[in-house]
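Reader: Please give me a close look at one part of this model, the enclosed space in its interior, and then set that part in its structural surroundings. I should welcome a connected account.

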Amino acid sequence: PTTLNALWIENRTGIWESFYLQSNIGSGVYCLYDESLCKYHVFSVRTGQQVWESEPITEPWASFNWQWWIAYGILFTSGYDGHVRAYNATTGEVIWDYFFGSAGYENAYGTCPVYSGFNIADGKVYITNDEHSPDSIPWRGGQLWCFDAYAGECLWSISGKLRNGAISSGYFTALNSLDGQIYTFGKGPS
């Protein structure tokens, strides 16, 4: 086509203080995060209208909850507050919420934060504890986690900072930034 016509136009500037602009489209919606109010806002891709907004996240460090992705009709969110949450992408209902636990005084956050996002495939969510600017002495407690995407059950975890992996043919491969080794996880011969 030589011309394109927008389905809708919405001015989102000035509505909320700031958004970390990342989102994918899934289940006919996309998401933005309001750092100042610690709320997720979900919009229809067909009309541009807001479909739902989350309750404010009140945990410390929630203003740094920059990670979210939509898959299987679920909005998965995480960040520096040490939680991974799953919302119904079209209704906003909280499906599950998993807390990584206390990190004590190992880092400035008091929990195990998430910075580098999700890998999602085969009904599983892979997420690792890490941060933007780790100190020269790494904090203990970071792990790669594998969750059942629908139930939020932790299927397994392993120590390490295995961030931004790749999934292919049923195998998850990632670099562990703690030891410089590449790890691959998957079912072995049976």
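Author: The structure shown is a predicted model, and it holds one cavity of 30 Å³ or more. The volume of this largest cavity is about 40 Å³. Its lining consists of Ser116, Gly117, Asn119, Tyr126, Ile127, Thr128, Leu144, Leu162, Arg163, Asn164 and Phe172. Sorted by class, these lining residues are five nonpolar, five polar and one charged. Two strands, S9 and S12 (162-168), each provide at least two residues of the cavity lining.

Strand S9 also leads to the largest pocket, since S9 and strand S13 (171-176) each contribute at least two residues to the lining of that pocket. The pocket contains about 270 Å³ of space. Of the 14 residues that line the pocket, Lys124, Tyr126, Gly170, Gly186 and Lys187 lie nearest its centre. Tyr126 thus appears in the pocket lining and in the cavity lining. The pocket lining divides into eight nonpolar, three polar and three charged residues.

On the approach to S9, the loop between strand S8 (118-121) and S9 contains Asp122. Asp122 has a phi near 55 degrees, a positive value in a residue other than glycine. Most residues other than glycine have a negative phi. Asp122 is classed as exposed because its relative accessible area of 56% is over the 50% limit.

From the cavity the account passes to the largest nonpolar core, through Ile127. This residue lines the cavity and is also one of the members of the core that touch the most other members, together with Phe76, Val84, Phe100 and Phe147; the core has 17 residues. Two or more residues of this core come from each of strand S5 (74-78), strand S6 (83-88), strand S9 (124-128) and strand S10 (143-148). Another core, of 14 residues, lies apart from it and includes Val42, Ile57, Ala62 and Ile70. In soluble globular proteins, nonpolar side chains tend to be buried together.

Phe76 gives a closer view of the packing around the largest core. Setting aside neighbours within four places in sequence, the contacts of Phe76 are Gln67, Trp68, Trp69, Ala71, Arg85, Ala86, Trp96, Phe118, Ile120, Val125 and Ala149.

Ile74 also belongs to strand S5. Its relative accessible area is 4%, and Ile74 is therefore buried, the limit being under 20%. Residues up to four places away in sequence excluded, Ile74 touches Trp69, Ala86, Tyr87, Ala89, Ile95, Ala149 and Tyr150. Trp69, Ala86 and Ala149 are thus among the residues in contact with Ile74 and with Phe76.

The strands that supply the core can now be followed through their pairings. S5 and S6 run antiparallel and are joined by five bridges. Ile74 has Asn88 of S6 as its bridge partner. The two strands form a hairpin with four residues between them, and in its turn Gly82 has a positive phi of about 85 degrees. S6 itself is mostly covered, with five of its six residues buried.

On continuing along the chain, S6 pairs with strand S7 (residues 94-99), again in the antiparallel sense and over five bridges. Here Tyr87 has Val94 of S7 as its bridge partner. Five residues separate S6 and S7 in their hairpin, and the turn contains Gly92 with a positive phi of about 85 degrees.

A further hairpin involves S10, which contributes to the largest core. S10 and strand S11 (residues 154-159) form an antiparallel pair with five bridges, in which Cys146 is matched with Trp156 of S11. Five residues lie between these two strands in the hairpin, and Gly152 in the turn has a positive phi of about 80 degrees.

Finally, Ile74 provides a link to a remote part of the sequence. Ile74 and Ser27 are 47 residues apart in sequence, yet their C-alpha atoms are 8.2 Å apart. Ser27 is situated in the segment before strand S1 (29-34). With a relative accessible area of 40%, Ser27 is partly exposed, whereas Ile74 is buried. The phi of Ser27 is near 55 degrees, a positive value in a residue other than glycine.

Methods. Residues numbered from 1 in each chain as written. Predicted model: local features only at pLDDT ≥ 70, side-chain atom pairs only at ≥ 80, totals over all residues. Heavy atoms only, no water. Core = buried A, V, L, I, M, F, W, Y, C linked by side-chain atoms within 4.5 Å. Buried < 20%, exposed > 50% of the residue type's maximum accessible area, 1.4 Å probe, protein only. Contact = heavy atoms within 4.5 Å. Pairing = 2+ DSSP bridges. 1 Å grid on protein atoms, 1.4 Å probe; cavity = no way out; pocket = protein on both sides within 12 Å on 5 of 7 lines; lining within 4 Å. Points joined across faces, edges and corners; volume = space filled by probe spheres on them. Nonpolar A, V, L, I, M, F, W, Y, C, P; charged D, E, K, R; others polar.
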